[in-house]
Amino acid sequence: MGYDFSVVKMSDAAVEQVTREVKDVKLENGAANGDNTIPFKDAFKMFSKFGDPKSDGKQITLSQSDKWMKQAKVIDGKKITTTDTAIHFKKLKSVKLGIDDYQKFLEDLAKNKKIEVEEIKRKLTTCGQPGVSTHLPKSPAAAAAVDRLTDTSKYTGSHKQRFDETGKGKGIAGRKDLVDASGYVSGYQHKDTYDKSH
C-alpha cells in the first residue's frame with residue numbers, strides 16, 4: 001500500500017501560500033506582530049451598531065462613541081472626560097456622525113487636548129470588539145471587604161437571628177416572629193421542666 005506524496009507536497013505549498021496571504025492581509029490592516037488591531041473603519045462600524053439593533057453601522061452617536069473611548073481607555077477622567085467629548089461632538093451640530101465627521105471630531109478633540117490623533121486612533125483600534133467592561137477594581141482588598149461584610153458571625157441585632165450557627169439562612173423563620181402557643185411567656189428559661197422536678 002503506497003501513498004502519493006506529491007499531493008502532500010502540493011498541500012504544504014498551498015498551506016505556505018495561504019499563510020503568506022494571511023500575513024499580507026494582517027500587514028495591510030495594521031495587525032502585525034500578534035497585535036489585535038482592528039481596521040478603524042471596521043471598529044467604527046462595530047461600535048456604531050453596539051447597543052442599537054436598528055443601526056446600519058454608518059453613523060455613531062455620542063453615547064456609543066463614549067463607550068468606545070472608555071473601553072479603549074481614551075477617556076480616563078483626567079486628560080479627556082465625557083464632558084470634553086460632548087463639547088467637541090456637539091460642535092459638529094449633529095446627533096449622529098458618519099466616519100468622515102467622526103474623524104474630524106477626533107482631530108478637533110486631539111488638537112484641543114494636545115494629544116496626537118494617531119495615538120487616539122491606535123487606542124480605538126486595539127481595544128477589541130465592543131463588550132461590557134467593568135470599571136470596578138478586582139483587588140484583594142475589595143474581595144476582603146466583601147468577605148468581611150458577608151460574614152454572618154459578625155452580624156448583630158435582628159440580623160443575627162436570621163442565620164444559624166453555620167451561617168446558613170433560616171428562611172421565613174428568621175424573618176418573622178412565629179407565635180409560640182405553648183402557654184409559656186416569652187423569655188421563660190425553664191420550659192418543660194415542671195414534670196421532671198415533680
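This is a short walk through a predicted model of a protein chain, from its overall layout to a few of its residues.

Let's begin with the whole chain. The protein chain has 198 residues, and 23% of them count as buried. Its secondary structure consists of 10 helices and two strands. Read from the N terminus, the order of the elements is α-α-β-α-α-β-α-α-α-α-α-α. As for how the chain comes together, take the contacts with a separation of 6 or more: 52% of these join residues 24 or more positions apart.

A good place to look next is helix α2, which spans residues 40-49 and has Phe 40, Ala 43, Phe 44, Phe 47 and Ser 48 as its buried residues. Why do these residues line one face of the helix? Viewed down the axis of α2, the buried residues fall within an arc of 130°, so they line one face. The general background is familiar: an α-helix has 3.6 residues a turn, so residues three or four places apart point the same way. And what covers the buried residues of α2? The cover includes both strands named here, β1 (60-61) and β2 (96-97), along with the helices α3 (62-71), α5 (99-113) and α6 (117-125). Just after α2 comes Gly 51, whose phi is positive, at about 80°.

One of the covering helices, α6, brings us to Thr 125, which lies in that helix. Thr 125 counts as buried because its relative accessibility is 9%, under the 20% cut-off. Its side chain reaches back to the backbone oxygen of Arg 122, at 3.1 Å. Leaving aside neighbours within four places in sequence, Thr 125 is in contact with Asn 36, Thr 37, Ile 38, Pro 39 and Phe 40. The last of these, Phe 40, is also one of the buried residues of α2.

Now turn to helix α4 (residues 82-90), where you will find Asp 84. Is this charged residue buried or exposed? Asp 84 is buried, with a relative accessible area of 14%. A polar atom of its side chain lies 2.9 Å from the backbone nitrogen of Thr 81. Not counting residues up to four places away in sequence, Asp 84 touches Lys 79, Leu 109 and Lys 113.

Two lysines in loops deserve a look at their backbone. Most residues other than glycine have a negative phi. Lys 73, in the loop between α3 and α4, has a positive phi near 60°. Lys 114, in the loop between α5 and α6, has a positive phi as well, near 55°. Both side chains can be placed by accessibility: Lys 73 counts as exposed at 62%, and Lys 114 is exposed at 73%.

Finally, where is the largest pocket, and what lines it? Its lining is made up of Ser 158, His 159, Gln 161, Arg 162, Lys 170, Ala 173, Gly 174, Arg 175, Lys 176, Asp 177 and Leu 178. The elements that give two or more residues to this lining are α8 (157-160) and α9 (172-175). Of the elements, α9 gives the most, with three residues. By class, the lining has five charged, four polar and two nonpolar residues. The space in this pocket comes to about 180 Å³.

Note on methods. Residues numbered from 1 in each chain as written. Predicted model: local features only at pLDDT ≥ 70, side-chain atom pairs only at ≥ 80, totals over all residues. Heavy atoms only, no water. Buried < 20%, exposed > 50% of the residue type's maximum accessible area, 1.4 Å probe, protein only. Helix = DSSP H or I, 4+ residues; strand = E, 2+ residues; numbered from the N terminus. Arc of directions from axis to C-beta. Contact = heavy atoms within 4.5 Å. 1 Å grid on protein atoms, 1.4 Å probe; cavity = no way out; pocket = protein on both sides within 12 Å on 5 of 7 lines; lining within 4 Å. Points joined across faces, edges and corners; volume = space filled by probe spheres on them. Nonpolar A, V, L, I, M, F, W, Y, C, P; charged D, E, K, R; others polar. Polar contact = N/O pair within 3.5 Å; in protein donor to acceptor, adjacent residues only side chain to side chain.
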